[in-house]
Structure formats: structure tokens, C-alpha cells
Amino acid sequence: MHLFEIVKVAHFSIVVSRIGKINEEKTFVSSVMKVEAWSKMEDRYAFWILQKDVLITVEGYFKPEEWTDSKSGEKRNRIVMVATKFYPTPEK
């Protein structure tokens with residue numbers, strides 16, 4: 001193991017959808033979630049699947065982020081998913 005390892009990070013968004021009801025009519029309810037994935041040099045090739053319109057399965061944990069907006073001075077926050085594993089979604 002080297003003292004300094006090359007680490008890369010990918011930031012991307014995924015759309016999470018579920019079927020919901022609006023006035024007794026079924027509809028898709030979707031949300032956009034920010035994802036952060038870290039990869040060491042030896043497994044960085046897993047990032048090849050991160051392409052638009054490709055269905056992936058993501059495993060990981062949620063991380064709260066807080067910051068102060070530089071323009072307004074207001075405190076902001078969001079939840080980001082940190083991907084520990086991601087892979088193409090198996091076909092159904």
C-alpha cells in the first residue's frame with residue numbers, strides 16, 4: 001500500500017420514483033437525490049456505469065450537510081446519499 005493513494009469522487013443525481021395516488025388516480029411521484037461516490041484507484045473503473053438514462057442500484061448511507069449561504073448568510077442543509085456500492089439494476 002502506498003502512503004498516498006489516488007482517490008476519485010463522483011457526484012451525481014438519481015431519480016427515485018414510486019407509484020402514488022392523486023385524487024384516486026395512480027401516478028408516479030419522483031424525487032431527485034444527490035449521490036456522492038468515492039473510489040480508490042484500483043476500483044475506479046466501476047464508474048463506467050454512471051451514464052444518463054442507465055438504471056443503477058445504489059447501496060450506502062445518508063449524510064447530512066450544513067453550510068451558510070455566502071450571498072444571503074442563511075443556513076442551508078440537505079441530505080446526500082454516500083454510495084458504498086452501485087451496480088447496474090438487474091432486469092425484471
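How much space lies in the largest pocket? In this predicted model, the largest pocket holds about 530 Å³ of space.

## The largest pocket

The lining of the largest pocket is made up of 19 residues, and those that lie nearest its centre are Ile-14, Val-15, Val-54, Leu-55 and Ile-56. Sorted by class, the lining has 12 nonpolar residues, together with four polar and three charged ones.

Strands β1, spanning residues 7-22, and β3 each contribute at least two residues to the lining of the largest pocket. Of these contributions, the one from β1 is the largest share of the lining, amounting to five residues.

## Salt bridges across the structure

When the whole structure is searched, five salt bridges are found. Some of them are joined to one another, for Glu-36, Lys-63, Glu-65 and Arg-78 are linked in a network of salt bridges.

## Contacts of Glu-65

Within this network, Glu-65 forms a salt bridge with Lys-63, where the closest N and O atoms are 3.6 Å apart. Glu-65 also takes part in a salt bridge with Arg-78, and here the closest N and O atoms are 2.9 Å apart. The pair of Arg-78 and Glu-65 links distant parts of the chain, since Arg-78 belongs to strand β4 (residues 75-88) and Glu-65 to strand β3 (residues 56-68), with the two residues 13 apart.

The residues in these two salt bridges fall into more than one accessibility class. Glu-65 has a relative accessibility of 18% and therefore counts as buried, the cut-off for that class being under 20%. Lys-63, by contrast, has a relative accessible area of 26% and is therefore partly exposed, and Arg-78 is likewise partly exposed, because its relative accessible area is 40%.

## The pair Lys-21 and Glu-24

Another salt bridge brings together the side chains of Lys-21 and Glu-24, with a distance of 4.0 Å from N to O. Are the two partners buried or exposed? Lys-21 has a relative accessibility of 58% and so counts as exposed, and Glu-24, at 68% relative accessibility, counts as exposed too, because the class begins at values over 50%.

Key. Residues are numbered from 1 along each chain as its sequence is written. This is a predicted model: local features need pLDDT of at least 70, side-chain atom pairs count only at pLDDT 80 or more; totals for chains, interfaces and linings use all residues. Side-chain values use heavy atoms; hydrogens and water are left out. Buried means under 20% relative accessible area, exposed over 50%, partly exposed in between (1.4 Å probe, protein chains only). Helices (H or I, at least four residues) and strands (E, at least two) are DSSP runs, numbered from the N terminus. On a 1 Å grid over the protein atoms alone, a cavity is a set of points where a 1.4 Å probe fits but cannot get out, and a pocket is an open set with protein on both sides within 12 Å along at least five of seven lines; lining residues have an atom within 4 Å of a point. Grid points are joined across faces, edges and corners, and a volume is the space filled by probe spheres set on the points. Ala, Val, Leu, Ile, Met, Phe, Trp, Tyr, Cys and Pro count as nonpolar, Asp, Glu, Lys and Arg as charged, and the others, Gly among them, as polar.
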